[in-house]
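Hi,

Here is the structure I said I'd pass along. Have a look at it first, and then read on for my notes.

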Amino acid sequence: MLYPFMTLEDETEIVHSDMDEQGRVRVEIEKPVDGGFHSAVCTLPAYEWSEVNGFSTEEIVHYQQFLERGAHLIMRFARDGGYEHAAGF
């Protein structure tokens, strides 16, 4: 299951999976563009990028920095069943 994490000002959607048995979380980023979407997957906590389609290297660097600032929240939400189920929020 994928949970919404954030929608950025430019309508980029960031969603994440549940945490798997090895403590990994799949983060999917999707940005609407004319004629479709740019997309990428980052696996936390290792920040392994895959399935990058349409994003430039500079954009991936930007999203990497964004995820580094918010990874602790994503990991917590992934462990607890998404934002709506995380205690204290």
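Below is what I found, going from the fold to the core and then to one lysine.

Before anything else, keep in mind that this is a predicted model.

The sheet first. It is open and has 5 strands, in the order β1-β2-β3-β4-β5, with antiparallel pairing. β1 (2-7) and β5 (48-53) sit at the edges, each pairing on one side only. From one strand to the next, the twist averages 20°. If you zoom in on β1 and β2 (residues 13-17), you'll find 5 bridges between them, in the antiparallel sense; Met6 has Ile14 in β2 as its bridge partner.

Then there's helix α1 (residues 57-80), which packs on the sheet and touches β1, β2, β3 (25-33), β4 (36-44) and β5. The direction of α1 makes about 135° with that of β3.

On to the core: the largest nonpolar one has 19 residues, and those touching the most other members are Ile14, Val25, Val27, Ile29, Leu44, Leu67 and Ile74. β3, β4 and α1 each give two or more residues to this core, with α1 supplying the largest share, 9 residues. Val27 is a good place to start looking: beyond its sequence neighbours within four places, its contacts include Ile14, Leu44, Leu67 and Ile74.

Last, the lysine. Lys31 belongs to strand β3. Is it buried or exposed? Its relative accessible area is 18%, and the cut-off for buried is under 20%, so Lys31 counts as buried. Leaving out residues up to four places away in sequence, Lys31 touches Asp10, Thr12, Gly36, Phe37, His38, Phe55, Glu59 and Tyr63.

Cheers

Methods
Residues numbered from 1 in each chain as written. Predicted model: local features only at pLDDT ≥ 70, side-chain atom pairs only at ≥ 80, totals over all residues. Heavy atoms only, no water. Pairing = 2+ DSSP bridges. Helix = DSSP H or I, 4+ residues; strand = E, 2+ residues; numbered from the N terminus. Axes fitted to C-alpha atoms, helices over the stretch in contact; angles between N-to-C directions. Contact = heavy atoms within 4.5 Å. Buried < 20%, exposed > 50% of the residue type's maximum accessible area, 1.4 Å probe, protein only. Core = buried A, V, L, I, M, F, W, Y, C linked by side-chain atoms within 4.5 Å.
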